[in-house]
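The following report describes a single protein chain, going from one strand and its partners to the sheet around it, then to selected residues and to the chain as a whole.

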Amino acid sequence: MTPTDTKDVILTLNAGSSSIKFAIFSAVNDAEYLMQGEIEGIGKRPRFHARDRNGAAIAGPQAIKADASVHDLMQVLLEWINRHLEGRKIVAAGHRVVLGGLEHAEPVLIEAAVLDRLRALIPLVPVHQPRNLEPIDALAKLNPTMPQVACFDTSFHRTMPEVAQLYGLPRKFTDEGARRYGFHGLSYEYIAGVLPKIDDRAAKGRTVVAHLGNGASMCAMIGGRSVATTMGFSPLGGLVMGTRPGELDPGILLWLMQAKGMDDKAIESMLYHDCGLKGVSGISNDMRDLLASDDPHAKQAIALFNYRICWELGALAAAAGGLDALVFTAGIGENASAVREAVCQQSSWLGIELDAPANARGAERISTRTSRVSVWVIPTDEERVIAMHTLKLVQRLPERGVA
Ligand code: ADP
């Protein structure tokens, strides 16, 4: 094992459609978190900001030129980070990559052949995968000797039984990759990792985790391993999300093409940007705006969001053969007590008994002591999972840029 120096740090990157989030962790075994930041508004009005480990602003928001390429953005980012590391050195970068396909059930050190395989998956997730790969290419050019690691949103779900990964399609298309991959795996892995310290029964038993952010999905675990999940082939399926529809009858897509004359690009753009909370409310994709609104369409959008969670909770409990615990996480799951309350009350038939005051004050456990199903609110930390995996893979390397 290659030792790391206490001055070594790991850079994590999470590149989305219009933002690149980064975090810096010390490269020692418990990967202490040092700072984080984000370039937002990519493609329109890019601007950069960063915070230290206590959440205090240490940069920005500062504007970056509008026509900056991802290579330019990564250069700006690396220069800023290096100026603020106080003698520390980035020894590896870990990336969130949306799709690892069937072959990547674990994070992987990025080499040319790996990158080729990940590029070959672009047709399956054309919106997300290229965004995730661009910073990898840029860093390889800016710092060719720095090891890079890809951590996949899909890996955690490779433990699902084969039948849970299949669609009722002709076998030819299944063989070509039309499968249920599942996403948000880094978040689920984090929750599975901390559950043993919080609730032993939940860690060993049948637990559903609801990752409710802008993108949202749910995962049923048995003993901390994924057995079923609501997202499937792409990050469009399952729950109603901020701007994505979730479950759709495929007949709607045929109708949009045949009766409405929409082509694939128009449908893709609508499915990713105009549906979900935003489409149903006609107001906003942000749950905070909807909770604060008296508009009946805002109320209906929230009701649909909650209804679909309850529906999928029943389905996931069926897939897992029962339910011992429910965990809420991500932006909405961690903060929107009204959503948690509605979901728990509508799901009382499963043995959930909400402790309403605990839920309202944002406690970690929000079920009563007598509730058959324990219910928890646990903040997720995908960046930490990326950092820990990156550190582990880098420590296994023979002398390669690691002090
Ligand atoms: P992502 O990482 O997928 O972009 P997040 O996990 O940051 O998303 O979650 C974003 C969502 O969380 C938004 O819908 C936002 O409205 C919601 N959210 C954040 N804070 C609160 C809050 N205090 N109350 C209700 N919703 C919140």
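## Strand 1 and its surroundings

In this model, L13 has H95 of strand 6 as its bridge partner. The model is a predicted one, and the description that follows should be read with that in mind. The bridge belongs to the pairing between strand 1 and strand 6 (residues 89-97), which run in the parallel sense and are joined over six bridges. Strand 1 also pairs with strand 2 (residues 20-26), here in the antiparallel sense and over seven bridges, and within this second pairing V9 has S26 as its bridge partner. Strand 1 and strand 2 form a hairpin, with four residues between them.

How many of the eight residues of strand 1 are buried? Eight of the eight, spanning residues 8-15, are buried, so strand 1 is largely enclosed by the rest of the structure. The side chains divide between two directions, with D8, I10, T12 and N14 pointing one way and V9, L11, L13 and A15 the other way, and all of them are buried.

## The sheet of eight strands

In general, the strands of a sheet pair through backbone hydrogen bonds, either parallel or antiparallel. Strand 1 is part of an open sheet of eight strands with mixed pairing, in which the strand order is 5-4-3-2-1-6-8-7. Strand 5 (57-63) and strand 7 (108-109) stand at the edges with a single partner strand each, so one side of each is left without a neighbour in the sheet. Strand 5 is joined by four bridges to strand 4 (residues 47-52), the two running antiparallel, and in this pairing A63 of strand 5 is the bridge partner of R47.

## Strands 12 and 13

Another pairing joins strand 12 (residues 325-329) to strand 13, in the parallel sense and over four bridges, with A325 standing opposite S374 of strand 13. From strand 13 (residues 374-377), S374 and W376 point one way while V375 and V377 point the other way, and all of these residues are buried.

W376 also appears among the contacts of I198, a residue that lies in helix 5 (residues 185-198). Leaving aside neighbours within four places in sequence, I198 is in contact with E364, W376 and I378. I198 and I378 are 180 residues apart along the chain, yet their C-alpha atoms are separated by 9.4 Å.

## Individual residues compared

The table sets out the accessibility of four residues.

| Residue | Relative accessible area | Class |
|---|---|---|
| N306 | 5% | buried |
| H184 | 8% | buried |
| I198 | 24% | partly exposed |
| E86 | 70% | exposed |

N306 is found in helix 11 (residues 296-320), and, not counting residues up to four places away in sequence, N306 touches V339, A342 and V343.

Most residues other than glycine have a negative phi. E86, although it is not a glycine, has a positive phi of about 50°, and H184, also not a glycine, has a positive phi of about 60°. E86 lies in the loop between helix 1 (70-83) and strand 6, whereas H184 lies in the loop between helix 4 (171-175) and helix 5. Their surroundings can be read from the table: E86 is exposed, while H184 is buried.

## The chain as a whole

The secondary structure of the protein chain comes to 15 helices and 13 strands. The radius of gyration is 21 Å, close to the 22 Å that the globule rule gives for 403 residues, so the chain is as compact as a globular protein of that length. Along its principal axes, the C-alpha trace spans about 55 × 55 × 45 Å.

Buried residues make up 53% of the 403 residues. Of the contacts with a separation of 6 or more, 62% are between residues 24 or more positions apart. The chain exposes about 18100 Å², of which carbon and sulfur atoms supply 53%. Its charged side chains number 42 positive and 45 negative, and the centres of the two sets lie 1 Å apart.

How values were computed
Residues numbered from 1 in each chain as written. Predicted model: local features only at pLDDT ≥ 70, side-chain atom pairs only at ≥ 80, totals over all residues. Heavy atoms only, no water. Rg over C-alpha atoms; globule rule 2.2 N^0.38 Å. Buried < 20%, exposed > 50% of the residue type's maximum accessible area, 1.4 Å probe, protein only. Contact = heavy atoms within 4.5 Å. Areas by Shrake-Rupley, 256 points an atom, 1.4 Å probe, with all protein chains shown as cover. Lys, Arg positive; Asp, Glu negative; His and termini not counted. Charge placed at Lys NZ, Arg CZ, Asp CG, Glu CD. Pairing = 2+ DSSP bridges.
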